[in-house]
Amino acid sequence: MSSSQGGSGGLSQAAQNDNTQDVFDNPSQTAATCNTPEAQVSPVLDEVSPSSLSSFEMLDMESVPPPYQEVQPHWFFCRRADDSASWHPFSREDSDKLEHACNTVKDNEEDLVVAVEGERYDVRVKERTRFAVYWDQAPTEVRRCTWFYKGDKDTRFLPYSEEFSKRLEEAYMIAVTLDEWKRKLDFPTGETVILHNPKLIMHYQPIGMQDEWVSSPSEQTRPRTVKRGVENISVEIPDGEPEKVDHLVFMVHGIGPACDLRFRSIIQCVNDFRSVSLCLLASHYKRSQQEGHVGRVEFLPVNWHSALHGDATGVDEDIQRITLPSISRLRHFTNDTLLDLFFYNSPTYCQTIVDTVASEINRLHALFKQRHPEFDGALSVVGHSLGSLILFDLLTNQRIGSRAREGVPSGEHCSVNSDMLEQTLTKLGLQQYLGTLQAENVDMESLALCQDSDLRDLGIPLGPRKKILHYIKKKWFPEDCKTAMGHQILESFPPLLASDADQPAQQPLFHREPSITSAVDYEYFDVGIGQVSIDYPQLAFYPQTFFAFGSPIGMFLTVRGLKRIDPNYSFPTCKSFYNIYHPYDPVAYRIEPMIVSEVDLEPMLIPHHKGRKRMHLELKDSLTRMSMDLKNNVLGSLRTAWQSFTRLPVAALPPVEEAGTTNDTTPQEDLGVYTEAECSGSAEQTEQPEIEMGMLNGGRRIDYVLQEKPIESFNEYLFAIQSHLCYWESEDTALLLLKEIYDKLGVAFEQPQQ
């Protein structure tokens with residue numbers, strides 16, 4: 001350890017005078033990098049350097065120095081985006097769990113895994129890495145943070161590496177214990193940290209490669225401000241999430257890999273929606289949360305785009321070979337986004353999309369139940385844009401009494417065959433693959449859940465795969481296993497298609513033959529309502545509610561030839577359906593006119609989350625009412641003037657005749673007054689009448705429209721695209737979901753006081 005006397009004192013004083021004021025006047029921001037110089041830091045601690053008194057030293061001259069207290073750490077994680085990275089704090093609950101595990105793992109050679117952020121991530125404490133549980137994401141760095149810095153171009157404090165922070169803490173402890181400041185730490189990289197006093201610590205960085213004669217911080221770059229402990233920096237530490245999960249929601253994205261105008265993935269958008277819902281629960285269900293009646297709603301993303309455009313299908317390479325070289329960026333956007341609509345209308349790729357959505361939902365459901373064995377709540381599904389159409393087609397082809405988690409349909413005739421796996425393979429002449437299946441713990445029940453791709457991954461050739469899948473289909477799904485759902489839909493949908501209105505239906509229009517394979521088998525196809533002819537897989541649960549955001553379902557049903565939805569129809573396994581859209585969304589279409597065509601109904605207006613209608617909409621309604629009243633008054637005045645004008649020629653008639661004329665015109669005047677009152681009354685009666693909306697949502701309204709923002713009302717075309725992508729951050733949309741979920745749980749909604 002070296003000592004720097006004399007020159008060091010001048011160095012410290014110069015740094016203090018020249019650079020102190022500059023440190024506090026630079027609030028500009030740049031992206032923080034995760035690289036810190038801990039590898040180059042050497043534990044060099046200089047002795048106290050004498051210097052003249054300064055204003056910084058006089059701050060605590062007459063006060064007794066406080067005893068040294070160990071710094072309280074807080075855990076952060078690094079979030080990377082493109083070439084930049086930023087550091088974000090864990091909640092205090094998660095940070096405490098990580099700190100406890102860190103203190104425990106010191107005496108244990110095995111690494112500890114701590115679940116954080118609602119158990120959506122796992123942290124390996126010794127490795128200092130954070131892994132996503134439910135989706136594919138690169139591991140991110142985790143850091144136990146005690147010291148922070150803010151550079152010339154930073155607006156937030158960033159954490160030092162743990163090794164660097166340890167050196168700073170050692171120097172700080174000595175300075176506090178001895179009450180000796182103006183200590184200087186030199187590092188081999190040319191960096192210098194000077195501890196002027198407990199409130200002022202500066203970090204100087206060299207300009208490039210420093211020569212030996214460059215020793216003054218005044219000749220270096222502007223210094224960093226250094227702070228000790230998370231409590232001394234301005235950082236928003238998030239609130240911890242309730243452990244209890246009341247409801248689970250799966251969210252399916254639409255076309256393309258990006259879900260909003262910032263080109264964020266479905267994972268990031270669902271994270272935003274989850275954060276909005278947590279804030280609304282804290283504000284609109286505050287009392288219920290305090291009483292322990294409300295936990296939280298978990299939202300999990302379902303990604304199918306990567307499976308469609310991955311190496312498995314090879315569709316991107318096929319499309320690229322036929323793509324023209326001109327306007328390459330626009331063509332790339334079209335191939336990566338808009339073509340998803342055409343893929344969904346292709347039997348081959350539609351099968352891939354539907355299989356991916358169903359299998360991903362079932363995988364997430366099984367994984368969630370594994371990590372939350374105490375969960376006994378209901379589940380719902382959300383689809384945005386094309387994702388809502390995928391879920392609609394999937395839900396219309398679910399079978400009552402059959403769940404994927406049960407392996408086979410319920411009922412005596414559909415029970416699992418008692419043959420063991422070995423007997424089945426022997427019967428098929430495929431006993432050589434018994435060891436392969438047993439190595440993966442595959443029994444008869446799990447074999448029934450396997451798809452062609454699963455068996456291919458196990459190395460089973462095409463011929464044996466087809467034999468196994470054909471046997472499972474014939475053995476586990478015989479014709480007498482058909483449920484009553486098909487007969488119910490037959491009775492509900494005779495007038496569904498205009499061309500079939502006068503013909504007896506022969507097949508269930510929304511029914512598909514059950515299938516466990518992803519291969520297209522044209523022998524068992526049922527075109528039905530114009531859906532793509534594929535085999536629709538079964539979900540492992542019965543959804544409680546289906547929410548559609550910005551959905552083109554109505555348009556697709558109309559294009560498929562569907563004229564009307566029978567009011568008695570409902571999804572076989574889902575009894576609630578909400579069609580939520582923004583008024584300027586160019587992709588959204590209504591559903592209710594296809595059920596109740598004889599009445600022109602306005603959609604239900606979604607209340608503002610603050611408990612009122614937006615001011616510009618209230619003003620618009622007021623002006624509309626005023627114009628109606630003014631119109632009625634003007635028409636009434638003109639009618640009275642016209643009647644008075646037509647009576648002028650008979651003013652000289654005898655009194656008897658005048659009286660008779662007056663009596664003759666009285667009914668007309670009364671009629672005019674009645675008409676005016678009737679018009680006024682009709683204006684008052686424009687509120688939504690009570691109309692049975694069918695069973696698709698249990699007799700309740702289906703179409704719900706958001707309130708546009710004031711700026712959006714100036715030009716609806718400018719905000720059309722944004723309107724289709726606004727749902728992920730919409731408090732009004734999230735609150736509607738929460739009200740639907742907790743109303744069924746019997747939890748009262750509380751409107752906070754503004």
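The chain holds 21 helices and 19 strands. The model is predicted. Of its 754 residues, 47% are buried. Take the contacts with a sequence separation of 6 or more: 72% of them join residues 24 or more positions apart.

Start inside. The largest nonpolar core has 112 residues. Phe 250, Val 357 and Phe 546 have the most contacts within this core. Helix α9, residues 347-371, supplies the largest share of the core, with 10 residues. Another core lies apart from this one and has 18 residues. Met 444, Leu 447, Ile 460 and Tyr 471 are among them.

Now look at Phe 250. Which residues does Phe 250 touch, leaving aside those up to four places away in sequence? Leu 300 and Val 302 are on the list. So are Ile 361, Leu 364 and His 365. Leu 379, Ser 380, Val 381 and Val 382 also touch Phe 250, and Phe 541 completes the set.

Next, move to the outside. The accessible surface of the chain is about 38600 Å². Carbon and sulfur atoms account for 53% of that surface. One nonpolar patch on the surface is formed by Ile 327, Leu 330, Phe 333 and Leu 338. Together these residues have about 370 Å² of accessible area.

Phe 333 belongs to helix α8, residues 328-344. Is Phe 333 buried or partly exposed? Its relative accessible area is 41%, so Phe 333 counts as partly exposed. Buried would require a value under 20%, and exposed a value over 50%.

Methods: Residues numbered from 1 in each chain as written. Predicted model: local features only at pLDDT ≥ 70, side-chain atom pairs only at ≥ 80, totals over all residues. Heavy atoms only, no water. Core = buried A, V, L, I, M, F, W, Y, C linked by side-chain atoms within 4.5 Å. Buried < 20%, exposed > 50% of the residue type's maximum accessible area, 1.4 Å probe, protein only. Helix = DSSP H or I, 4+ residues; strand = E, 2+ residues; numbered from the N terminus. Contact = heavy atoms within 4.5 Å. Patch = residues over 30% accessible without salt bridge, like charges linked within 9 Å, V, L, I, M, F, W, Y side chains within 5 Å. Areas by Shrake-Rupley, 256 points an atom, 1.4 Å probe, with all protein chains shown as cover. Salt bridge = Lys/Arg side-chain N within 4 Å of Asp/Glu carboxyl O.
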